[in-house]
Amino acid sequence: MICTHAAQYCLEMGGSHASATHMRMLQDCADICEAASKLLLRSSPQITQMLSVCASLCEQCAASCDKLTGDMQMKTCADECRRCAAACRQI
């Protein structure tokens, strides 16, 4: 959810915030987190693989947000992505 909000914020900010690469990363992260949560809720046998991919994308998204230094919205998104990645690795 945080990545979806961050994407809207980035579109409003424009410039480097709205670069195609960054926007795709935010959208990919939001989508993989949603998919992982659905598989987790139904105890899918593929959840281990999905959580591994989710953790990786969350880390990549955090790194993308970190590039936009001095922006509290991006720092919040990066921090939340790292928490999500850590949670995926714990399950």
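What follows is a chat between a student and a tutor about the structure above.

Student: Hi! What kind of model is this, and how are residues numbered?

Tutor: This is a predicted model, where local features need pLDDT of at least 70, side-chain atom pairs count only at pLDDT 80 or more, and totals for chains, interfaces and linings use all residues. Residues are numbered from 1 along each chain as its sequence is written, and side-chain values use heavy atoms, with hydrogens and water left out.

Student: Cool. How many helices and strands does the protein chain have?

Tutor: The protein chain has 4 helices and 0 strands. Here helices (H or I, at least four residues) and strands (E, at least two) are DSSP runs, numbered from the N terminus. Read from the N terminus, the order is α-α-α-α.

Student: And how compact is the protein chain next to a globular protein of that length?

Tutor: The protein chain is as compact as a globular protein of that length, because its radius of gyration is 13 Å, close to the 12 Å that the globule rule gives for 91 residues. The radius is taken over C-alpha atoms, and the rule is 2.2 Å times the number of residues to the power 0.38. Along its principal axes, the C-alpha trace spans about 40 × 20 × 15 Å.

Student: What share of the residues is buried?

Tutor: Of the 91 residues, 38% count as buried. Buried means under 20% relative accessible area, exposed over 50%, and partly exposed in between (1.4 Å probe, protein chains only).

Student: Which residues touch the most other members of the largest nonpolar core?

Tutor: In that core of 29 residues, they are C3, L26, C61, C65, C77 and C81. Helices α1 (2–13), α2 (20–41), α3 and α4 (72–90) each supply at least two residues of this core, and α3 gives the most, with 10 residues. A nonpolar core is a set of buried Ala, Val, Leu, Ile, Met, Phe, Trp, Tyr and Cys residues joined through side-chain atoms within 4.5 Å.

Student: What is L26 in contact with?

Tutor: Leaving aside neighbours within four places in sequence, L26 contacts C3, A6, A7, C10, C61, C65 and C77. Contact means heavy atoms within 4.5 Å.

Student: Now C58. Where does C58 lie, and is it buried or exposed?

Tutor: C58 lies in helix α3 (residues 47–66). C58 counts as buried because its relative accessibility is 0%. Not counting residues up to four places away in sequence, C58 touches C29, C33, C81, C84 and A85. The C-alpha atoms of C58 and D79 are separated by 9.9 Å, with their positions 21 residues apart along the chain.

Student: What about A55: buried or exposed?

Tutor: A55, found in helix α3, counts as buried at 3% relative accessibility. A55 touches A85, C88 and R89, again not counting residues up to four places away in sequence.

Student: Switching to loops, where is S43, and what is its phi?

Tutor: S43 is in the loop between α2 and α3. Phi of S43 is near 55 degrees, a positive value in a residue other than glycine. For background, most residues other than glycine have a negative phi. S43 counts as exposed because its relative accessibility is 60%.

Student: And where is K67?

Tutor: K67 sits in the loop between α3 and α4. K67 is exposed, with a relative accessible area of 69%. From K67 to E80, which are 13 residues apart in sequence, the C-alpha to C-alpha distance is 15 Å.

Student: Last one: how many contacts join residues far along the chain, as a percentage?

Tutor: Among contacts between residues at least 6 apart in sequence, 58% join residues at least 24 apart.
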